[in-house]
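Got a minute to walk through a fold together? Have a look at the sequence and the coordinates first, then we'll trade questions.

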Amino acid sequence: MILNLGCGNVARTEGITNVDIRQLPTVDVVADVKKLPFKDGEVDGIINRNLIEHFGGHETKELLQEWARVLKPGGWIQTETVDGGETMNHWQEIPEENLLDGILGAQTYPENFHKMIFTRDSLVRHLEEARLHIHTVNQFVDREIPRILIEAIKK
């Protein structure tokens with residue numbers, strides 16, 4: 001089983017279970033990603049794009065531990081978020097609307113606010129503290145916003 005956490009309106013894909021806190025047409029399981037309704041070691045992989053920054057810094061450790069809990073040994077997590085360090089380095093080059101969205105969230109519904117910002121190093125550290133082994137780290141730009149995509153594997 002592969003989970004797409006915080007999927008929002010992302011279209012369903014064969015073999016992937018869409019999970020979101022909101023009841024939307026594309027959501028398979030309505031759940032709070034801080035307390036997943038899955039058994040320990042039940043999940044092969046977790047995808048989360050633009051999600052982890054919606055939780056406060058004090059929530060990050062428990063959030064990642066919860067995601068790791070449902071993973072099988074050897075299971076993987078792909079986490080993508082705004083690269084806070086690179087965004088700060090290049091903030092004057094980013095169009096204002098994109099910059100504000102990247103830092104603060106789109107703010108189009110109650111859960112769509114950013115509470116945390118990560119650098120490459122801080123996200124790696126948080127994943128490692130959740131006993132996940134870093135497999136790949138990619139930094140790239142999307143909508144003129146620097147991004148981080150890390151794949152980590154449960155030990």
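What follows is a set of questions and answers on this model, which is a predicted one.

Q: In what order do the 7 strands of the open sheet stand?
A: Start from the pairing, which is mixed, in a sheet that stays open. Reading across the 7 strands gives β3-β2-β1-β4-β5-β7-β6.

Q: Which strands are left with one side lacking a neighbour in the sheet?
A: An edge strand has a single partner strand, so one of its sides has no neighbour in the sheet. The two that stand at the edges are β3 (29-30) and β6.

Q: Which residues in β2 and β4 are the bridge partners of Leu 3?
A: β1 (residues 2-5) pairs with β2 (residues 16-20) in the parallel sense over 4 bridges, and β1 also pairs with β4 (residues 43-49), again parallel and over 4 bridges. Leu 3 has a bridge partner on each of these strands: in β2 that partner is Thr 17, and in β4 it is Ile 46.

Q: What is the bridge partner of Gly 45 in β5?
A: Gly 45 of β4 stands opposite Ile 2. β4 also pairs with β5, in the parallel sense over 6 bridges. On that β5 side, the bridge partner of Gly 45 is Trp 76.

Q: How many of the 7 residues of β4 are buried?
A: To count as buried, a residue needs a relative accessible area under 20%. β4 is mostly covered by that test, and the number of its residues that are buried is 5.

Q: What covers the buried residues of helix α1?
A: α1 spans residues 57-70, and its buried residues are Glu 59, Thr 60, Leu 63, Leu 64, Glu 66, Trp 67, Ala 68 and Val 70. The cover over them includes β1, β4, β5 (71-82), α4, β6 and β7.

Q: Is His 126 buried or exposed?
A: His 126 lies in helix α4 (residues 120-129). Setting aside neighbours within four places in sequence, His 126 is in contact with Thr 60, Leu 64 and Phe 118. Its relative accessible area is 14%, and the cut-off is under 20%, so His 126 is buried.

Q: Why does Glu 144 count as partly exposed?
A: Glu 144 sits in the loop between β6 (132-142) and β7 (145-154). Not counting residues up to four places away in sequence, it touches Glu 93, Ile 94, Pro 95 and Asn 98. The partly exposed class runs between 20% and 50%, and Glu 144 falls there because its relative accessibility is 47%.

Q: What distance separates the C-alpha atoms of Glu 144 and Ala 11?
A: Along the chain, Glu 144 and Ala 11 are 133 residues apart. In space, their C-alpha atoms are separated by 24 Å.

Q: What volume does the largest pocket have, and which residues lie nearest its centre?
A: The space in the largest pocket comes to about 840 Å³. The elements that give two or more residues to its lining are β1, β4, β5, α3 (96-104) and β7. Out of 39 lining residues, those nearest the centre are Gly 6, Asn 50, His 54, Tyr 109 and Asn 112.

Q: Over which ring does the charged end of Arg 22 sit?
A: Aromatic pairs don't come into it, as the structure holds 0 of them. The charged end of Arg 22 is 3.6 Å from the centre of a ring and sits over it; that ring belongs to Tyr 109.

Key. Residues are numbered from 1 along each chain as its sequence is written. This is a predicted model: local features need pLDDT of at least 70, side-chain atom pairs count only at pLDDT 80 or more; totals for chains, interfaces and linings use all residues. Side-chain values use heavy atoms; hydrogens and water are left out. Rings of Phe, Tyr and Trp (its six-membered ring) pair if their centres lie within 6.5 Å; planes under 30 degrees apart count as stacked, over 60 as edge-to-face and the rest as tilted. A charge sits over a ring if NZ of Lys or CZ of Arg is within 6 Å of the ring centre and within 35 degrees of the ring normal. Two strands pair if DSSP finds at least two bridges between them. Buried means under 20% relative accessible area, exposed over 50%, partly exposed in between (1.4 Å probe, protein chains only). Contact means heavy atoms within 4.5 Å. On a 1 Å grid over the protein atoms alone, a cavity is a set of points where a 1.4 Å probe fits but cannot get out, and a pocket is an open set with protein on both sides within 12 Å along at least five of seven lines; lining residues have an atom within 4 Å of a point. Grid points are joined across faces, edges and corners, and a volume is the space filled by probe spheres set on the points.
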